[in-house]
Amino acid sequence: MTGFAARSPVADVLALLDARVPPLSSGVVTVTAAAGRVLAAAVTSAVDVPAVPRCMMDGYAVRAADSGPRRLVGAAYPGRPFSGVVHDGECVRVTTGAALPTGAEAVLMAELADAAGDTITARSAVPAGKHVGRVGEDVAAGREVLPAGRVLRPQDVGLLASIGVSRVDVVRRPRVAVLATGDELLPPGSTPDGSRIVDSNSPMLAALVARDGGDCEPTRYLPDDFDTTHAALRDATADVILVTGGTSVGTEDHAPRALADVGELAVHGIGVKPAGPTGVGFVGGRAVFLLPGNPVSCLCAYDLFAGRAVRRLGGRPVALPYRSAVLPLAAAVASAVGRVDYVRVRVEGGGAVPLGGGASNLSGAVVADGFALVPAAREEMAAGEAVEVWFYDGP
């Protein structure tokens, strides 16, 4: 229990992750299952949408040069086009979405037409192209409709369906294993009992992984035992392995030594508060993150490091997945040169109020609106100084 001789700079750890955690391979899914997935390749439309001129109003398809009464010669509906040709002095009743009949050049709105039997009279002139959707007006053939790396939204999959795409190539979702260590842990749903505490990290991590586009395997609980931890790391097959607890330098912190023995412990101890005892390593090419057991430290370490790897593996942007705003600090925040401070804040009166509370007090992150990061080059941020606040709520 000698403490950390040195701590790796946050920037160096991020650079390590970006260099050694490449995006996963791709796979094909149906367009109906593609929402929320990341496109592995750009999609170009092979068709025009609409494929034919389309009526955009209920009314009458007409020739634009006609000015007098027109004789109604038929009707057109979506999926049931008019089979003839519209000549001078003729019109066809149409509904929104119907194909514009051959020979017609515009749509006379029903509200601007007087009908007397089969005779239709316009109350105003109808210029060519009026209320007509052009071929390719929505999507032109040959146009790139969605770029690679796009996280598909509901409207995106709707557009893919509209151009006839049935299957899309997407980046595989990262599989994430959570190993929760500690003789004191009880599974979620239990009641705290004396020195036994309920595991709050694994449900929090599962939610964070889902947010970042990964699939979390059921949590595996490990006792404070080197051999068991070693075997669990050796046998894990997930793309990312998250170990919570037992990550520091105490006599019962077995994870760092086990990781170094079964694979590579690339980083142990990072210049960040909280989450200083975080470790990063690799087993068989799979990224392993040793996350502190204290819940706020675990949250911080996941968002800054493990989450970045999950997002990168899944083809998503690596930046923090929170909206942010620049606000003035309501009070000074002390730090230390060489250390990034993760400061929980509340927004009050247009300013960011730093909140206290230790790394084990998860309630502090619950009442917080978000957090600010004090750069490693600063030993203090003064009251009134502008700081970027990352909000927990909202994308």
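**Close-ups of strand β6 and the cysteines**

**View 1. Gly59 and Val94, face to face.** Gly59 stands opposite Val94 in β6. This is a predicted model, so read every close-up here as a view of a prediction. The pair belongs to a wider match-up: β4, residues 59–62, runs antiparallel to β6, and four bridges link the two strands.

**View 2. The other partner of β6.** Here we swap β4 for β5, which spans residues 70–76 and pairs with β6 in the parallel sense, again over four bridges. One spot to look for is Arg71, whose bridge partner in β6 is Glu90.

**View 3. How covered is β6?** Strand β6 takes in residues 90–94, and four of those five residues are buried, so the strand is mostly covered. As a reminder for anyone tracing side chains by eye, in a regular strand they alternate between the two faces of the sheet.

**View 4. Cys55, without a disulfide.** How many disulfides does the model have? The count is zero, going by the sulfur–sulfur cut-off of 2.5 Å. Cys55 fits that picture: its nearest cysteine sulfur belongs to Cys91 and sits 12 Å away, so Cys55 is in no disulfide. Is Cys55 buried or exposed? Its relative accessibility is 1%, so Cys55 counts as buried.

**View 5. Cys216, also without a disulfide.** For Cys216 the nearest cysteine sulfur is that of Cys298, 11 Å away, and Cys216 is in no disulfide either. With a relative accessibility of 28%, Cys216 counts as partly exposed, because that class lies between the 20% and 50% cut-offs.

Note on methods
Residues are numbered from 1 along each chain as its sequence is written. This is a predicted model: local features need pLDDT of at least 70, side-chain atom pairs count only at pLDDT 80 or more; totals for chains, interfaces and linings use all residues. Side-chain values use heavy atoms; hydrogens and water are left out. Buried means under 20% relative accessible area, exposed over 50%, partly exposed in between (1.4 Å probe, protein chains only). Two strands pair if DSSP finds at least two bridges between them.
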